[in-house]
Amino acid sequence: MAQPYELPDFYVPYPARINPHLEGARAHSKAWAYEFDMIDVPQEGHAVWDEHDFDSHDYALLCAYTHPDATGPQLDLVTDWYVWVFYFDDHFLELYKKTRDIPAAKAYLDRLPLFMPAEGDITEIPGNPVEHGLVDLWNRTVPSMSAGWRQRFRQTTEALLAESLWELANITTGRIANPIEYVEMRRKVGGAPWSANLVEYVTSEVPTEIAATRPMQVLSDTFSDAIHLRNDLFSYQREVEVEGEVNNAVLVLETFFGCPTQQAANLVNDILTSRLHQFENTALTEVPQVVAEHAADPGAVLNYVKGLQDWQSGGHEWHLRSSRYMNNGGKAATTGLGTSAMRIVSSLIATAPYRNRSHSFTPHQHVGPTALPDIYMPFPGKQSPHLDTSRFTVLEWGDRNGITDGTIWDARMLEAFDLPLCAAGIFPDASAEQLDLASGWLAWGTYADDYYPAVFGRRRDLAGAKVMNQKLSALMALDSTTAAGGEGGGGACFSLGAVPEGPLEVSLADLWRRTTGPMTVEQRTAFKHAVDTMTDSWLWELGNQAQNRIPDPVDYVEMRRRTFGSELTMSLCRIGHGERVPPDIYRSRPIQAMENAASDYACLLNDLFSYHKEIEYDGDLHNGVLVVQNFLACDKDRAVAVVNDLMTARMQQFENVVAVDLPALITDFGLDDDVRRTVLRYADELQNWMSGILAWHRGCHRYGAADLPHRQPTRQPTRPPFVGRPTGLGTSAVRIFRKAGAA
């Protein structure tokens, strides 16, 4: 069978090495697979593997390449895990994907977590090779690992199993995901985060105190995305042309861009390269800082990072050799002695233009006004009857709290930006008091978003910004009497040592006191997390600004949700739900998909309207149009069209979730009428959220060409107290890593 495209020139910056215990792992894993009936034993009348299949796939070779420094026993166990996960994939294909039996698939998947207890013994009786193998592997692996690792491994294993239903649903309906959705879901169902956990098993566990931080999560995510995109490039022929699979990145981009298969394959490879560049940037600039801040073991983190690098190079070599994949033709298919090292040189040369382009942004370049495309908005806009009153109230609030003192904003700017118009569209059914609060939060978030680059960005004062974040977080007390501000809600009472200073802090303290008094501790904690997530994301922006680095497209989309404050305003909706909706429902795939699709639509919408302001007047490089321009090396008009197509695709996904996935969620969880109404109301609220944000962009005076020459405040920002000497990004922590490496 002719290949549908020539394999692209992959970015492989590290040499592949092979484990000396390969032959032992081959013999062990084959005996293990026979022991658990994975070879030559049909399942429910379906043949899964015969001996030839097993031998030609050569999973021991995969593990020997991806874990070159593992001991013999470690390599045996890791290879068994990979035999199990690939057998699961093919078992699920034969029994459920090909038959499209969704109820049976769900029942099958629902049992598997029973064989992965975070604590205690396995009590369920296994009934098929997948379950029997999982019992054996779980019992052999978890005793030597920490409780934190067990929990992470259980979560990633559950995700790769459970989200197989998403793949099956797409196959059944013939639905091809949009690019943002695909990368997000492929990361869960593809199993690479699970592979990263096994890297910890072989090298060093990630210290618990930093496991959940952004830098460590980005390492796992970029590692995972690169593995999955590479796999999609090699497996397109088998999956799409032979098996009828629709979940493949090449097919996704082929469909989205309407381009030939070869061009789509090249674009997938470009995303893969960008993700690996992001991995390297995060490892060099963000990881050392977080290690130093938490006094984590730098040696353990260094071993883990090296293990992830080994996996990338080793996985590539295995794909070139396994009979499971398309690996004939193209530069990438060349194998032989020394070719791995040769690929390093060609990789660096081939990807240098994109890397250089990403660091060559010219601030304040003339771009002119943006010709806005036709924007898809299927929901009618609504508006609160309290808008005019709220406009007056927010101006008085801004004056009282010092926001309009002329340093960052003055009164005419707050009036022109018209945040109550946004609140009135997002919350059309709010009371007058609720609308005032929502307007205040939107005004504070927008003011803070202008404050950070003006005060900290120009001086590259990342240390000062971190101190400010700590102060803002300390102002948001969780204790009910503290949050309420004393008797009657008057006055302000704060955490020990947290006294607000300056408009940014004073206005936050005021909003927190007025908003959180009626909340439960759990609601207050969730709301505080939403605010902290937004302010922390601004440090990411400052870091990119210091490096003059245009973000990687995937990292941009995922961080843009945070910088935009999506979680904050959405959480105001959820607070109105009370405690009727179980937390598991909010964490479910349909709700998460609905929220993320809505968020991406609004964020990219803002990027369309703000491109002129941000690029030419602010000198900012955080804009989706610019990110697409940089990635595709295209002009502004082409980038605007792509961003609009992404917005449309995310909106159509939102509609599909509401029409198909939400009813299925309600049925699957057996939700009562009260919870069902609340969940459906939340979908309506998110519709208002999107239509309200669009109406605000069209009606405010923040982004229009006529508004921009006059948007400077009457006073320029004064330098804040010097809270710490700004230093090079991660320099002190890099020295810590160097010491660890020398040791």
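1. How do the residues of the lining of the largest cavity divide into nonpolar, polar and charged? The split is 15 nonpolar, eight polar and eleven charged. Note that this is a predicted model.

2. Start with the overall count. Searching the whole structure turns up six cavities of 30 Å³ or more. The largest cavity holds about 580 Å³ of space. Its lining is made up of 34 residues, and Phe86, Asp89, Arg186, Gly190 and Asn231 are the closest to the centre.

3. Next, the helices around the largest cavity. At least two lining residues come from each of H4 (72-97), H8 (164-173), H9 (179-189), H10 (192-202), H11 (214-242) and H14 (298-321). Helix H4 gives the most, with nine residues.

4. Now the second largest cavity. About 460 Å³ of space lies in it. It is lined by 29 residues. Pro179, Ile180, Ile271, Pro553 and Leu646 are the closest to its centre.

5. Several helices contribute here too. Two or more residues of the second lining come from each of H9, H12 (249-257), H13 (261-294), H24 (553-563), H28 (624-632) and H29 (636-669). H24 gives the most, with six residues. Helix H9 is worth finding in the view: it supplies at least two residues to the lining of the largest cavity, and two or more to that of the second largest.

6. Finally, the classes in the second lining. The lining of the second largest cavity has 25 nonpolar residues, one polar residue and three charged residues. Set beside that, the lining of the largest cavity has eight polar and eleven charged residues, along with 15 nonpolar ones.

Notes: Residues are numbered from 1 along each chain as its sequence is written. This is a predicted model: local features need pLDDT of at least 70, side-chain atom pairs count only at pLDDT 80 or more; totals for chains, interfaces and linings use all residues. Side-chain values use heavy atoms; hydrogens and water are left out. On a 1 Å grid over the protein atoms alone, a cavity is a set of points where a 1.4 Å probe fits but cannot get out, and a pocket is an open set with protein on both sides within 12 Å along at least five of seven lines; lining residues have an atom within 4 Å of a point. Grid points are joined across faces, edges and corners, and a volume is the space filled by probe spheres set on the points. Helices (H or I, at least four residues) and strands (E, at least two) are DSSP runs, numbered from the N terminus. Ala, Val, Leu, Ile, Met, Phe, Trp, Tyr, Cys and Pro count as nonpolar, Asp, Glu, Lys and Arg as charged, and the others, Gly among them, as polar.
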